[in-house]
Amino acid sequence: MDNENKSIHEFDVNLISEYYSSVERQGPGSPEVTIKALSFIDNLSSESRIADIGCGTGGQTMVLAQNAPGYITGIDLFPIFIELFNSNAAKLNLQVRIKGVIGSMDKLAFQNEELDLIWSEGAIYNIGFERGLNEWRKFLKAGGCIAVSEISWFTEERPAEIDEFWQDAYPEIDTIPNKVAQLMKAGYKPVATFILPEDCWTEHFYAPQVPAQKAFLKKHAGNKTAEEFVANQRHETQLYHKYKEYYGYVFYIGKKI
Ligand code: SAH
């Protein structure tokens, strides 16, 4: 595999979590999109239990808490993200309803049928879309909902350069109808599916990384891993601008049946 296609997992975890801690979001998304996805969820009350899996520093969790009732547990693998998550919740005076805990999405500590809603923006790829949908389902009550965003192809065919890049980075990338079929096969009714607008990538994800990259490179001058990581991020950004007609993030919302 050449350097350009290196996945996040091959870089130093501490460096990466430091890099992503300096930006508000760790994946594409926006407050408007979180609120839109939430508009399809009809089963929440002040007693509801919600999990935000792969929550990062909680950009979307805070929006969820401000627009939905109930208690939210955010789970992320990286302790530094959870630290920031809990301090962000406290700053907004949401600490009673939001709690961040360190944990892995493949070993979740919920009881069966404990949750009313499972949320996960830009993170289910870490376990794989199908595996996540299947394994997490048992934690939902009957009639509970799942809302996840996932990278998807917009067309049946695409140029080789972008096809190869994503097949290498995430072989489970697939078309929207195939993803919906996987959701149905996993035991959910498809409630809604929508493509995230481009500003979720450009304005909310890539733009804040430009100054973050400069500061990161300055701090880690001469560090090959840091330089390679930033080069990789920049390459991914260029590919997005070149090929955004062919792929993007899609929200998939389902109801457990
Ligand atoms: N939901 C956030 C973060 C998305 S980035 C947002 O949209 O901004 C993906 C997140 O998944 C990162 O925060 C990463 O630390 C987390 N992650 C990666 N592997 C994980 C695992 N096995 N269990 C839990 N979280 C994980």
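This passage walks through a few helices, the way they pack, and three loop residues in a predicted model.

Helix H4 is a good place to start. The helix covers residues 79–91, and at 1.5 Å a residue its 13 residues should span 18 Å; the C-alpha atoms at its ends turn out to be 18 Å apart, so expectation and model agree. Buried positions in H4 are Phe81, Ile82, Phe85 and Ala89. These four take up an arc of only 95° around the axis, which means that they sit on the same side of H4. What lies over them? The cover for the buried residues of H4 includes two helices, H1 (13–21) and H3 (59–67), along with two strands, E2 (71–76) and E3 (98–102). Turn to the face pointing away from that buried side, and the exposed residues Glu83 and Lys91 come into view.

Just past the end of H4 comes asparagine 93, which belongs to the loop between H4 and E3. Its phi is near 60°, a positive value in a residue that is not glycine. Asparagine 93 has a relative accessible area of 62%, and because anything over 50% counts as exposed, it falls in that class.

A similar backbone feature turns up at glutamate 113, another non-glycine residue with a positive phi, here about 55°. Glutamate 113 is also a loop residue, placed between E3 and strand E4 (115–120). With a relative accessible area of 49%, glutamate 113 is partly exposed, since the exposed class begins only over 50%.

Serine 30 tells another story. This residue lies in the loop that links H1 to helix H2 (31–38), yet its relative accessibility is just 1%, so it counts as buried. Setting aside neighbours within four places in sequence, the contacts of serine 30 are Arg25, Cys200 and His204.

Helix H2 itself, which spans residues 31–38, has Val33, Thr34, Ala37 and Leu38 as its buried residues. They are spread over an arc of only 140° around the axis, and therefore share the same side of H2. The partners for these buried residues are H3, E4, strand E7 (188–195) and strand E8 (247–256). H3 thus appears twice, as part of the cover on H4 and as a partner of H2.

Now for the helix pairs. Two packed helices are described by the angle between their axes and the distance between those axes. For helix H9 (residues 209–219) and helix H10 (residues 224–243), the angle is about 165° and the axes are 10 Å apart. The two are therefore roughly antiparallel, as angles over 145 degrees fall in that class. Their crossing is left-handed. On the H9 side, the contact involves Gln209, Gln213, Phe216 and Leu217; these meet Ala226, Glu227, Phe229, Val230, Gln233 and Arg234 of H10.

H10 also packs against helix H6 (residues 160–169), this time at an angle of about 135° with the axes 11 Å apart. That angle makes H6 oblique to H10. H6 passes H10 in a crossing that is again left-handed. From H6, the residues making the contact are Glu161, Ile162 and Phe165, and from H10 they are His235, Glu236, Leu239, Lys242 and Tyr243. H10 therefore has one partner that is roughly antiparallel, H9, and another that is oblique, H6.

How values were computed:
Residues are numbered from 1 along each chain as its sequence is written. This is a predicted model: local features need pLDDT of at least 70, side-chain atom pairs count only at pLDDT 80 or more; totals for chains, interfaces and linings use all residues. Side-chain values use heavy atoms; hydrogens and water are left out. The expected span of a helix is 1.5 Å times one less than its number of residues. Buried means under 20% relative accessible area, exposed over 50%, partly exposed in between (1.4 Å probe, protein chains only). The arc is that of the directions from the helix axis to the C-beta atoms. Contact means heavy atoms within 4.5 Å. Axes are lines fitted to C-alpha atoms, for helices over the stretch in contact, and angles run from 0 to 180 degrees between N-to-C directions. Angles under 35 degrees count as roughly parallel, over 145 as roughly antiparallel, 65 to 115 as roughly perpendicular and the rest as oblique. A crossing is left-handed if the near helix is turned anticlockwise from the far one by less than a right angle, and right-handed if clockwise.
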